[in-house]
Amino acid sequence: MELFNFNPGPSALPKKVLLRAQEELVNYQNSGLSVLEMSHRSSHYEEIHHKAIDSLRRLLDIPESHEILLLQGGASLQFSMVPLNFLYGNRTGYYVTTGSWAKKAFNEAKKIGHAVELASSESEHFSSIPAMLEDSFPELKNGEGYVHITSNNTIYGTQWQAFEQLPSKVVIADMSSEIGTRKIPWDKFALVYAGAQKNLGPAGVTVVIIDKEWLHDQKVDIPSMMDYNVHAEKNSLHNTPPTFNIYLLSLMLEWIETQGGMPEMVKRAKHKSSTLYRTIDGSDGFYIGHSALNSRSKMNVTFRLPTSALSEQFLKKATDCGFVGLPGHRSIGGCRVSLYNGVTVESCEKLSTFMKNFKRAQKGS
Ligand SMILES: *Cc1c(COP(=O)(O)O)cnc(C)c1O
């Protein structure tokens, strides 16, 4: 049976990427070796490594003011690395808590330095992004701290709709579940991090993009593996990098470029999500969206049915029909459709049709 993969992460990869990896697995470009067994100091691997970094710079339009790092430990390690590097002396980390990941980031920061909650949507069960205008943010000068946001809330299905209101140069953003699907105004961001396993490839490699000025202002007496400067000086080859994951990342980035690059990914994200939101909005309340209308995510569409029994029935039928990864996160229940770059427009349309048919069958019975 053909499967339609909406897993929240790790998530769908394009068939072409998987087939290419399969084709090259045993003998990478006539080198006689698999990428899995190559030295990370070999010229073949170095080429892969640099290709991944160059593709990221080109695709995401990252200016020379920012360094690109490929690290391990997932986005979760960044929750600790960010404050270890930047929350010392009198600096303050201002956290906007818009979901479980945002809260985790905040809690890690509190263990390490002075962190405060700037705004939260927890009282509304994280169903929206708090309304924040320019004057909602502290005026931070050099060395006074940062503002941390989670730009897409994977579990609740909410997303920052705009970045214009953010202050310049001092924002640190967890973009794990939306990187590679929207244009990023780099002048706002001191640091952006994202696990690759949602939009950019497999688990095991984390992309960190950091303002070089911030590298100069970083705490120095921290463990080397936690130190952004150590990784930057060695171009992310301080120790053995996750070579095969970086290879898959480079294949995924190449695939994005051949599809039409970021403009095409932005367009598809809009198209895929609006297909599903239209289905929800046109269902006369049969499908009930979790997110407030002004905070809807183009990456994770969260909803439930009128009763939990019906939600269960829907999920069971969906599984029988080949739709994978639809149960909502255990903290919110219901259903979640994750629409990362590897998910096709066709899968979304199939799911939308399935939803309409399921509703019709219920109403008729
Ligand atoms: C998935 C996710 C994480 C966790 O990533 P790991 O790589 O598992 O540490 C953190 N933040 C957001 C927004 C996520 O979607």
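Q: What makes the place of S236 a loop, and between which helices is it found?
A: In this predicted model, S236 belongs to the loop between helix 6 (228-233) and helix 7 (243-259). Helices are runs of at least four residues, and residue 236 falls between the two ranges just named, so its place is described as a loop between them.

Q: What makes the phi of S236 worth noting?
A: Most residues other than glycine have a negative phi. S236 is a residue other than glycine, yet its phi is positive, near 60 degrees.

Q: Which value is noted for D61, and where is D61 found?
A: D61 is not a glycine, and it has a positive phi of about 60 degrees. The residue lies in the loop between helix 2 (43-59) and strand 2 (66-71).

Q: How do you know that the peptide bond between G9 and P10 is cis?
A: The omega of the bond that joins G9 and P10 is about -5 degrees, and the bond is listed as cis. Most peptide bonds are trans. P10 itself is found in the loop between strand 1 and helix 1.

Q: Why is the pair formed by the ligand and the side chain of S76 called a polar contact?
A: An oxygen atom of the ligand is 2.6 Å from an N or O atom in the side chain of S76, and the cut-off for a pair of N or O atoms is 3.5 Å, so this pair counts as a polar contact. By the same cut-off, the side chain of Q197, with an N or O atom 2.9 Å from an oxygen atom of the ligand, and the side chain of K198, with one at 2.7 Å, also qualify. Taken alone the ligand exposes 390 Å², of which the protein buries 86%.

Q: Which residues are closest to the ligand, and what classes make up the shell around it?
A: The ligand is surrounded by 13 residues, the closest being S76, T154, D174, Q197 and K198. By class the shell has three nonpolar, eight polar and two charged residues, and its largest share, four residues, comes from helix 3 (residues 74-86).

Q: In which pocket does the ligand sit?
A: The ligand sits in the second largest pocket.

Q: How much space lies in the largest pocket, and which residues are closest to its centre?
A: The largest pocket holds about 420 Å³ of space. It is lined by 19 residues, of which L13, K15, G342, T344 and S347 are closest to its centre. Helix 10 gives the largest share of this lining, three residues, and the lining divides into nine nonpolar, five polar and five charged residues.

Methods
Residues are numbered from 1 along each chain as its sequence is written. This is a predicted model: local features need pLDDT of at least 70, side-chain atom pairs count only at pLDDT 80 or more; totals for chains, interfaces and linings use all residues. Side-chain values use heavy atoms; hydrogens and water are left out. A residue is near a molecule or strand if one of its heavy atoms lies within 4 Å of it. A polar contact is a pair of N or O atoms within 3.5 Å; within protein, one must be able to donate a hydrogen and the other to accept it, and residues adjacent in sequence count only if both atoms are side-chain atoms. Accessible areas come from the Shrake-Rupley method with a 1.4 Å probe; for residues, only the protein chains shown count as cover. On a 1 Å grid over the protein atoms alone, a cavity is a set of points where a 1.4 Å probe fits but cannot get out, and a pocket is an open set with protein on both sides within 12 Å along at least five of seven lines; lining residues have an atom within 4 Å of a point. A molecule sits in a cavity or pocket if more than half of its atoms lie within 2 Å of its grid points. Ala, Val, Leu, Ile, Met, Phe, Trp, Tyr, Cys and Pro count as nonpolar, Asp, Glu, Lys and Arg as charged, and the others, Gly among them, as polar. Grid points are joined across faces, edges and corners, and a volume is the space filled by probe spheres set on the points.
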